[in-house]
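Reader: Could we go through this model together, starting with its internal space and then moving to the rings and a few backbone details?

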Amino acid sequence: MRTSRGSIIKALKPGQTSLGIEISDSSIKMSKVLLRDKKEPLIQTNITEELPPHVMEEGRIKEPLRLIQTLQTMIARLDSKPKHVHLVFPSQLVMVRFLKLPDIAEKDLAKLVDFEMKHNIHLPFENPLYDFVKMNGATHKKRKTLKKLKKVPVAPTGKDSFLEAAAGKEDLGGGKGLFDDFQEDEPKAETAIQCDVMLVAAPKDMMDQYLEVMDSAGIKLTSIEIKALSLFRLLQRISLIEWKDTFLLVDLNENAGDLSIFNGEELKITRSIPLNFAVKPDITSEVKVSTDQLFAEFLKTDGDFRNHCNDLAHELERLMNFYRYTLNNRNQEFAGVVISGDLERMPEIVLFLTERLPIPVHLFQPTIPFEQNSASSDVFSMYAVTLGLALRGAES
């Protein structure tokens with residue numbers, strides 16, 4: 001039997017490497033993964049580099065030169081150059097909304113979304129870049145990732161034509177309540193069959209700055225993605241939860257948290273909330289303190305930690321109640337919460353939420369063999385976002 005030259009070459013190839021990059025206010029994380037046909041991905045490298053104070057603030061680049069130098073240092077530490085590189089854009093700078101639009105072909109739907117962006121949809125920033133994903137419908141082609149953000153001149157008219165929207169930051173929507181944008185103003189008469197469309201928008205000036213930094217660091221990006229989709233891609237791989245149910249994905253760092261609700265493969269809500277887990281006691285001071293003072297400081301710090309955990313639990317409860325009752329999904333029960341992040345006391349946060357919430361709470365960790373050159377499952381949740389990004393592979 002003859003075998004084509006191309007198939008022989010493909011069989012001999014070890015696979016393609018893919019790199020995921022996440023930049024937060026305090027650090028840069030990278031995960032390099034070898035993607036192989038008919039085999040589990042091989043995690044080759046997970047690395048983190050702390051950023052000096054004030055290089056990044058709330059997702060905004062304040063000192064681009066320091067950021068470029070750190071990125072170059074980290075890339076130099078990789079044993080080989082990755083073929084594909086993916087970046088997660090900071091959630092604080094992204095607006096995600098869900099629209100109800102006529103169920104038409106994606107090509108025609110793009111024209112309709114363009115019209116809505118130009119005339120009807122309010123955005124909290126000017127000169128946006130945006131993309132959309134058609135989540136369902138009769139003419140739905142399965143695409144769960146964003147393609148290329150496009151620019152459109154927005155001309156706000158004071159009228160909001162969409163029916164539902166996913167909350168981003170609390171100040172989105174011109175000072176409305178936290179979840180006001182989700183609610184319908186008036187019941188609509190039944191018209192043509194509709195579909196759900198996820199719209200993602202970001203300020204062009206911020207996006208351009210990130211692209212310039214990456215280019216200056218010698219990094220050629222394959223794609224830019226939002227955090228919720230990266231986490232879901234990893235969740236599908238590790239089978240930690242029945243992802244066909246309704247569930248929450250939560251990613252935490254010292255200053256912010258991302259809360260996302262999925263129903264099956266469809267992202268329903270995603271939003272970013274401020275956190276304050278960065279507060280630490282100063283016990284390294286040269287000033288002498290008594291044992292009683294140290295113990296009092298420890299109790300205060302532990303009390304602050306539990307208060308922050310309580311605030312997080314409250315936000316999760318609010319979001320779940322809003323999804324079920326305000327958005328009229330009473331028949332859907334939550335299967336659980338899956339948490340990732342780089343906080344030192346992650347196991348304690350999981351334990352607190354397990355005691356507080358009426359649903360199972362899991363830490364992101366592999367339940368099937370996930371090959372890796374180094375690192376352990378203890379840091380798997382720390383790199384969940386970058387691993388999910390890297391699994392995107394050749395998708396642009």
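**The largest cavity and beyond**

Author: In this predicted model, strands β1 (16–23) and β13 each supply at least two residues of the lining of the largest cavity, strands being DSSP runs (E, at least two residues; helices are H or I, at least four) numbered from the N terminus. As it is a prediction, local features need pLDDT of at least 70 and side-chain atom pairs count only at pLDDT 80 or more, while totals for chains, interfaces and linings use all residues. Residues are numbered from 1 along each chain as its sequence is written, and side-chain values use heavy atoms, with hydrogens and water left out.

Reader: Which residues are the closest to the centre of the largest cavity?

Author: They are I23, S24, Q92, K227 and N253, out of 17 that line the cavity. A cavity here is a set of points, on a 1 Å grid over the protein atoms alone, where a 1.4 Å probe fits but cannot get out, and lining residues have an atom within 4 Å of a point.

Reader: And where does the largest cavity lie with respect to the domains?

Author: It lies between domain 1 (14–93 + 205–240 + 368–395) and domain 2 (241–363), because both give residues to its lining; the bounds come from an automatic or database domain assignment.

Reader: Switching to rings, how are F247 and F262 arranged?

Author: They form a stacked aromatic pair, 5.7 Å centre to centre with 10 degrees between the planes. Rings of Phe, Tyr and Trp (its six-membered ring) pair if their centres lie within 6.5 Å, and planes under 30 degrees apart count as stacked, over 60 as edge-to-face and the rest as tilted. F247 lies in strand β12 (residues 246–252) and F262 in strand β13 (residues 256–263), so the pair ties together parts that are 15 residues apart in sequence.

Reader: Are those two buried or exposed?

Author: Both F247 and F262 are buried, where buried means under 20% relative accessible area, exposed over 50% and partly exposed in between (1.4 Å probe, protein chains only). Together with F232, they form one aromatic cluster.

Reader: Which residues other than glycine have a positive phi?

Author: Among them are N127, with phi near 50 degrees, and N328, with phi near 60 degrees. N127 is in the loop between α3 (106–119) and β8 (128–134) and is partly exposed, at 47% relative accessible area. N328 is in the loop between α6 (291–326) and β15 (334–341) and is exposed, at 55%.

Technical notes:
On a 1 Å grid over the protein atoms alone, a cavity is a set of points where a 1.4 Å probe fits but cannot get out, and a pocket is an open set with protein on both sides within 12 Å along at least five of seven lines; lining residues have an atom within 4 Å of a point.
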